[in-house]
Amino acid sequence: MTLRETGETGAYPELEIEHRETWAVGIPAILKSMGPAIRQMGPLRTAQLMTAMNQKGGFDCMSCAWPDPSHRSPAEFCENGAKAVTWEATPVTVPASFFAENSIDDMLGISEYELGLLGRLTEPLHRAKGSDHYVPVSWNTAFSIIADKLTSLSSPNEATFYTSGRTANETAFVYQLFVRVFGTNNLPDCSNMCHESTSLALNEVIGVGKSTIAYEDFGKSDLIIVMGQNPGTNHPRMLTALEEAKRNGATIIGVNPLPEAGLIRYKNPQKVRGIIGRGTALADQYLQIRSGGDMALLQATSRRVLDAEAAAPGTVLDHDFIATHCEGLPAFASHIASLDEDAVAEATGLTSAELDEFAARYLAADRVIITWAMGLTQQKKSVDTLKELINLLLLRGNIGKPGAGASPIRGHSNVQGDRTMGIWEQMSDEFMDALAAEFAFEPPREHGADSVATVEGLQDGRIKVFFALGGNFVSAISDTAVAEAAMRGAEMTVQVSTKLNRSHAVIGDEALILPTLGRTEIDLQAAGPQFLSVEDSVCAVHATHGRVSPVAPGMLSEVAIISRLARAALGERHGIDWAGFEADYDLIRDHISRVVPGFESFNADVRRKGGFILPNGPRDDRRFDTATGKAMITVNTLEHLDRPAGRLILQSMRSHDQFNTTIYSLNDRYRGIKNGRDVIFVNPDDIAELGLADGQRVTIVSEWAGEPDRELRNYRVVSYPTARGCAAAYYPEANVLVSLASAAIGSKTPVSKAIMIRLEPASSGRTPHR
């Protein structure tokens, strides 16, 4: 049974293909964000929340980790931020009758989109072994059931504890403490699926896996290169920073297989020119690179930089910087001199003129920022690609000076802070030593399971309990069918959630759902109203305060849930004051101040308006805490994905009305899609070459050496100006096409941007939206 069949949401209109946009935001963004907010929350609740979002003393938006400027506008939010708040802060709650009337199998027939429309969860739910329904239980009963299961395991490593990037710093710290006192490092998180490649590459070559810039650097830059990301949809507030940079004289280059409206022109709705004018043209050059060609582009540019230095010795490279702070240049220069330009052309799909123009723009700029997201991190050689990105920056000293640096953009609001707080399956010995000294116990040192290893452990029975603090794991991870089968093999699954998603229906023998407060809600504990903190993409830590009353009585915060579970499962072990943590979050921050570097005055610093900035060696004083004490210019072997005749390289991506696996609507305004998600974007020349037609229904078949083909059926071909040989489809639906074994070398991030596919004419019918 689906909501469509019951009539609760009405029948879907047919899929429509409209014109694609060549500019982003403007008046339509206001209408598309404020209209739903007012309809669903009412004008008063909308005003309370929108005027507090991302403001000093307000709450932090949960839809991305974009940093906040020092001088903030009255409306410091974007369209998707408004949608995220509306989605979470809706007063609509899941009807009490829903779980009695709908079995687990019924829930499986309801799409992600429809499940979210049901509203907020308000009471703990338990699905007993052998039952086909969830039933309400008390909090004490829920904690007792989970604790009994955890303590019955033969090893703590038989449980794994996933974390969503929405989790705040204080919660993350308490969570990892509980897990490590319990006895395991099985702490997979959403970083494993997005920026793990960034963390690994940057830590190795510059000593920190984070951004090396501050927010203000965008306005000081001469050149900003935006690679493998779509800010107009995924972090629209970035467009304001790009507009400021452009008006300060910066050049902007977009590098992406698809033309994205947010990199072409921006109409700032808070400026007159954005309302009645043409807005601001952003990208001075737009390279529609072939998927997976970024490493070749970076190496070709470095080759041109070194050639320019050879033609005019002493005038191109930053020799003082390289001599003082770097090592590895001779080996790199020797390696890059033999770069095959034909291989570059094949890998990138770009002309020599385009490559030369890109390099010339880089050479003409004194201060360069390169910013990137999933387009670079979800490739087989993503770690090496990011090392090449750092190579290019290092050649001209573009790290550690105003207006220059490396800028990974995290897509989840506190995924970077969670890692800082210890949410990682392989934290350093220094962190473990500090944790041991602070809490008088010996944490486990053996590295634990990441996201891929968690699925593998569930598959073979080594992992029996899956606990998730937020998120939608089975939809977010690659190889959907394999992941779902693995999850169903668990003995117990537990989800801490605000709203329903597919992970609540793909469960183990026994399952629980624990409802929790949202970030927008007031968190009242024994010591009074509490606040939390988050870390954004430029290492700024600031407070987030809930603004509206909880959607229902009896709701618990994430801190309270973890603290009570720890008391139930661990008792008085090591004398840790779990009850105190729940009562007063200042106690948690006191412990953090003695464990995590940079947080020494946490309680004082976080109360300052705007928060505080964490120390960052490369940014602050060109200090590189690598194995050698210097930034490492590395040698990396170029490989590109061979595309056989009749095949395309598929990438997965978000629609505009989407945040991670959360679907706000079935529309993608900028790409011209209305009332559907079962589409594949293909270059018109490729459509003709494959003997297909625009609008034709096809089966998308992914091909993996030594493995069975995977399929998405009855998808509509949409003619779209992608790079030749490349195609795109929506995440998370396209995850079914990605083999679990297809992961980035080193980081094990799913390779979701390099899926080899063929398109077969569909027989008939249409798959419903999942």
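**Cysteines and a sheet**

Colleague: What makes C190 count as buried or exposed?

Modeller: C190 has 12% relative accessibility. Buried means under 20%, so C190 counts as buried. Keep in mind that this is a predicted model.

Colleague: And how do you know whether C64 is buried or exposed?

Modeller: Same reasoning! With C64, the relative accessibility is 7%, and the cut-off is under 20%, so C64 is buried too.

Colleague: How many disulfides does the count come to?

Modeller: The count is 0 disulfides. Take C64: its nearest cysteine sulfur belongs to C61 and sits 5.9 Å away. A disulfide needs the two sulfurs within 2.5 Å, so C64 is in no disulfide. For C190, the nearest cysteine sulfur is that of C194, 5.3 Å away. That misses the 2.5 Å cut-off as well, so C190 is in no disulfide either.

Colleague: Now the sheet: what makes β10 and β13 the edge strands?

Modeller: The open sheet has 5 strands in the order β10-β7-β6-β12-β13, paired in parallel. β10 (285-287) and β13 (405-408) each pair on one side only, which puts them at the edges. From one strand to the next, the twist averages 15 degrees.

Colleague: How do you know that β12 pairs with β13?

Modeller: Pairing takes at least two bridges, and 4 bridges join β12 (residues 368-372) to β13, so the two strands pair. They run parallel. As one example, I370 has A406 in β13 as its bridge partner.

Colleague: Which helix packs on the sheet?

Modeller: That's α21 (residues 382-395), touching β6 (223-227), β12 and β13. The direction of α21 makes about 170 degrees with that of β12.

Conventions:
Residues are numbered from 1 along each chain as its sequence is written. This is a predicted model: local features need pLDDT of at least 70, side-chain atom pairs count only at pLDDT 80 or more; totals for chains, interfaces and linings use all residues. Side-chain values use heavy atoms; hydrogens and water are left out. Buried means under 20% relative accessible area, exposed over 50%, partly exposed in between (1.4 Å probe, protein chains only). Axes are lines fitted to C-alpha atoms, for helices over the stretch in contact, and angles run from 0 to 180 degrees between N-to-C directions. Contact means heavy atoms within 4.5 Å.
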